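Hi everyone, thanks for making time for this. I have one structure to walk you through, so let's put it up on the screen.

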Amino acid sequence: MDGIPNEFYQVFAPLLITDLTELFQCIIASGRLSVSQKTSLITLIPKGGDQTNIKNWRPISLLCSDYKILAKVLTNRLS
């Protein structure tokens, strides 16, 4: 959604960890996400079969990678 692929975060994790930690702490303290983190792009991917039939398509939401990282961090903390 934001144009930054997951691979970017994987490759540059050592450089980004401090900034992401500060960002996540601010989000948790304020209880608010930025506009880009609350925005998703819905797209369709084919399931197979006749692609002219809408039943053969599946909708997915594309979210920002930093939001997905935060969701994973929170999920791990809760479990």
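I'll start with the whole chain and then turn to one helix.

A quick reminder before we dig in: this is a predicted model. The protein chain contains three helices and two strands, and from the N terminus on, the order is α-α-β-β-α. For 79 residues the globule rule gives 12 Å, but the radius of gyration here is 16 Å, well over that, so the chain is more spread out than a compact globule. If you like boxes, the C-alpha atoms fill one of roughly 50 × 30 × 25 Å along the principal axes.

What about burial and surface? Of the 79 residues, 14% are buried. The chain exposes about 6,200 Å², with carbon and sulfur atoms supplying 60% of that area. And for those of you who think in contact maps: among contacts with a separation of 6 or more, 44% are between residues 24 or more positions apart.

Now, my helix of the day, α3. It covers residues 65-78, which is 14 residues. From first C-alpha to last, α3 reaches 20 Å, close to the 20 Å expected at 1.5 Å a residue.

So which residues of α3 are buried? They are S65, D66 and L70. Looking down the axis of α3, these buried residues fall within an arc of 140 degrees, so they line one face of the helix. What do they pack against? Their partners are α1, residues 6-11, and α2, residues 13-30. Over on the face turned away from the buried side, α3 carries the exposed residues K72 and L78.

That's my tour, and I'm happy to take questions.

Key
Residues numbered from 1 in each chain as written. Predicted model: local features only at pLDDT ≥ 70, side-chain atom pairs only at ≥ 80, totals over all residues. Heavy atoms only, no water. Helix = DSSP H or I, 4+ residues; strand = E, 2+ residues; numbered from the N terminus. Expected span 1.5 Å × (residues − 1). Buried < 20%, exposed > 50% of the residue type's maximum accessible area, 1.4 Å probe, protein only. Arc of directions from axis to C-beta. Contact = heavy atoms within 4.5 Å. Rg over C-alpha atoms; globule rule 2.2 N^0.38 Å. Areas by Shrake-Rupley, 256 points an atom, 1.4 Å probe, with all protein chains shown as cover.
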